[in-house]
Structure formats: C-alpha cells, structure tokens
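Here is a friendly walk through one protein model, with an eye on its empty spaces and the elements around them. Please keep the 3D view open as you read.

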Amino acid sequence: MTITINAAFDSGNIVVDSIDGTAARLSIRKDRESDFFQWFHFRVACAVGDALELAITGLDASAYPDGWPGYAACASYDRDYWFRLDTSYDAKAGGGTLTIRHTAESPILYLAYFAPFSMERHHDLVASVAECEGVTYRSLGTSIEGQPIDCLEMGSGDTQVWLYARQHPGESMAEWWIEGALEKLTDPADPHARSLLKKCRFHIVPNMNPDGSCRGHLRTNFAGVNLNREWDNPTAERSPEVLCVLGAMDESGVDWAMDVHGDEAIPAVFLAGFEGIPSLKPEQLDQYKAFQTALAANTPDFQVALGYSESAPGKANLSMSTTQLAERFGAVSMTIEMPFKDNDDLPDPVAGWSPERSKLLAHACLATLDQML
Ligand code: ZN
C-alpha cells in the first residue's frame, strides 16, 4: 500500500515531489511573492506499522539553513498532543535534506515545523477572552485579505503595555505564548494578574499576520512583505497589519512592549532589545536589562548567554517594531525569541520546545513585569 500526503488545510505547506511505498520526497513551497520558506505542515495517510521515511529536500535555500541541524520534526496523531520524531539533516544530499523516520501507530499522522496554532483556535481564543469581565475587544483593522487584526484590552492602570505576536506567521509558538498570557491575565485568582491589572492597561494582539498564518507562510504577509521591516513606514498597500496596530499605539502611547517570535537556529530562549536607537535613554536601557536579569532568575527556560549581537550606538534598524517603539515612545521594548529546537539548558527529548512551555514562559514574563512595575 502507498501512503498519501496532503496539505490542503489551514497553515498547510508541502510539495509532494514523489512517493514510493512508505517513502516520500518532499519540498517546501515559498511564501507568496517572496523567497522565504521554512514552515511545513502536512498529513500522511498510511497503514499502522508503516515504516515512514519522509525526506524534505532543497533546504540549503531555506530562510535559515542553520535551523535544520539538531532539529527534530513535530508530529501529532490527534492534532492536540505534539511530540518530536527521529529526524536527521544532511547538508550535502539533495540540496540539504531533512529525513524524518517514524513507524506509524495510527492511520493519520500530522507533521509540522512546530505545533500549529490554527485560525480556528485563534478565533476561539479571541471570542472566549472577549467574554471575560473587564475585557474590551477592538478590531484594529484588517489584513490585505480582509481578516480582522484582533486586539484584547484589559486593566485599569496608567502603564500602557502592548503584547503582540506572529508578525512572522510560521512562528506559531508566539501565539501559544499569547494564549498563556491571556489565560493568566483572565484568571481572577492569579495574584500577578490582579496586581498587573491595577497597574497597567494591556493591549494584546494575538496574531499580526492572519493571512500568512492561513497560507502556511514562514515570514511574510499576502504581499510577500516581512511585517517586522515595515515599522518606520507602514503602508495600506504593503502592510496594513502594521499600519493599524501602530496607529492604535500612537493613540494609547507605549510604556512596555513585547514582540513575540520564534528563532530557527538558536537552541535557547532569549531577548533582543533596542541598544542602537538614536535617542537611547540610560534609564530605559537599565529597565530592559533589569527585566532580562529578573526573568532569568524567575525561569530556567530563559537565559542571557545566547542571543543576537547588539547593534552599535545609533545604528539600530528602526524598521523593526522593537526599535521603532523604543525610539518613538521611549518604551521599554523587547523581542522575545523561543526556539523551534529546544532550550538546550533544560531539554525535553520527547516534546522539545512546546506549546505548554511557551505558555509557561508567558506566565514567567508577566510575573517578572509585575515585579518590575
Ligand atoms: Zn520572527
């Protein structure tokens, strides 16, 4: 019997180049109107006991070739519990080939670059949080394809906190993080939430890029635009998703901001800041560094040794949200990066970095913010 492979569903992405019995050669479709590709999500229909061998080729040309060595593919039988599979990478074969091997335990197996966060789950989350007491829902605008840019607001304090995720749609751990943050903030028994809601007004955008999310993109919107390079000059044609969020930020002001992402290559959780902005204030930088130190003390899933190099004084790229918000508002603004691989300081060989750990990291970030304010 021959397996079949299909990706015609929400956030699906795979190209079937050939199938031979229980082995397949596959490749990843580029984001629309761009050369980025890395996200995959597909299902295999097979027989129980099949020794599956799935080879994804051409990955040397992917957005982050360094993401593949040491990476293990995510899989699920019920689309709820995701675990890692036996995976190897050969940079020399087939233009860079990721080979996934697994003996099927059920007739349908789903595979993905990371546990997907579907648009259906997004709508369930937004609707359920919007119902909670003290929460205000706002649609800030629409994406190029007309999907709402949803924003949930809560809290009675003066400190304006913006949390926003999935500018890069393939970084699905970012929306799992947001789900964790929203669960904590809407838990009436949670002491950090109760304290934060007195001090802050939260503005939370769970998904900045719904079009790219549906389409199974890694990094861009419908127009092939990387939204995190649009913050100095967003336009209605290229980046309405950024234009509407930045417009709402201009109305509220921004004191603290977290832009939530996943990193393909680095096996750790880390922060990136705004060191190179032209109008850097010492106390602004001190607060960022203090947050980083406190977060490292609060959770062993966060560290400060690995990360991106800081930009030189005055050399920050202001097209990125974190630097733009730090410059524009004097905000303590940061990008949090979670791994596609795992936190190598505290690895979990079964699940790797996971939805559950993304959600618990959000809890630690909010507890830390409460300590800081
Ligand atoms: Zn990203």
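How do the residues of the lining of the largest cavity divide into nonpolar, polar and charged?

## The enclosed spaces

This is a predicted model, so do read what follows in that light. The lining of the largest cavity divides into nine nonpolar residues, with no polar and no charged ones. You will find them at Val 161, Leu 163, Trp 256, Ala 257, Met 258, Phe 291, Cys 365, Leu 366 and Leu 369. Strands β13 (159–165) and β15, together with helix α8 (355–372), each supply at least two of these residues. The volume enclosed is about 50 Å³.

The structure holds two cavities of 30 Å³ or more. The second largest offers about 40 Å³ of space, and its lining has eight nonpolar residues, one polar and one charged. Among the lining residues are Cys 74, Trp 82, Phe 83, Arg 84 and Phe 114, as well as Trp 353, Ser 354 and Pro 355.

## The open pockets

Now for the pockets. The largest has about 670 Å³ of space and a lining of 39 residues, with Ala 272, Tyr 308, Ser 309, Met 320 and Glu 337 nearest its centre. Two or more lining residues come from each of β15 (256–263), β16 (270–272), α6 (282–298), α7 (321–329) and β17 (332–339). By class, this lining holds 14 nonpolar, 15 polar and 10 charged residues.

The second largest pocket has a volume of about 340 Å³. It is lined by 13 residues, and Arg 79, Pro 116, Phe 117, Ser 118 and Arg 121 are the closest to its centre. Five nonpolar, three polar and five charged residues make up the lining of this second pocket.

## The seven-stranded sheet

Several of these strands belong to an open sheet of seven, ordered β11-β12-β14-β13-β15-β17-β16 and mixed in its pairing. At the edges sit β11 (136–142) and β16, each pairing on one side only. On average, neighbouring strands here are turned by 25 degrees against each other, direction ignored.

At one edge, β11 runs antiparallel to β12 (residues 148–154), and the two pair over five bridges. Look for Tyr 137, whose bridge partner in β12 is Leu 152.

## Helix α2

Is helix α2 mostly covered or uncovered? It is mostly covered, with 12 of its 13 residues buried. Among the buried ones are Trp 176, Trp 177, Glu 175, Glu 179 and Lys 184.

The length of α2 (residues 173–185) also fits expectation: at 1.5 Å a residue its 13 residues should span 18 Å, and because the end C-alpha atoms are 18 Å apart, the two values agree.

Terms used
Residues numbered from 1 in each chain as written. Predicted model: local features only at pLDDT ≥ 70, side-chain atom pairs only at ≥ 80, totals over all residues. Heavy atoms only, no water. 1 Å grid on protein atoms, 1.4 Å probe; cavity = no way out; pocket = protein on both sides within 12 Å on 5 of 7 lines; lining within 4 Å. Points joined across faces, edges and corners; volume = space filled by probe spheres on them. Helix = DSSP H or I, 4+ residues; strand = E, 2+ residues; numbered from the N terminus. Nonpolar A, V, L, I, M, F, W, Y, C, P; charged D, E, K, R; others polar. Expected span 1.5 Å × (residues − 1). Buried < 20%, exposed > 50% of the residue type's maximum accessible area, 1.4 Å probe, protein only. Pairing = 2+ DSSP bridges. Axes fitted to C-alpha atoms, helices over the stretch in contact; angles between N-to-C directions.
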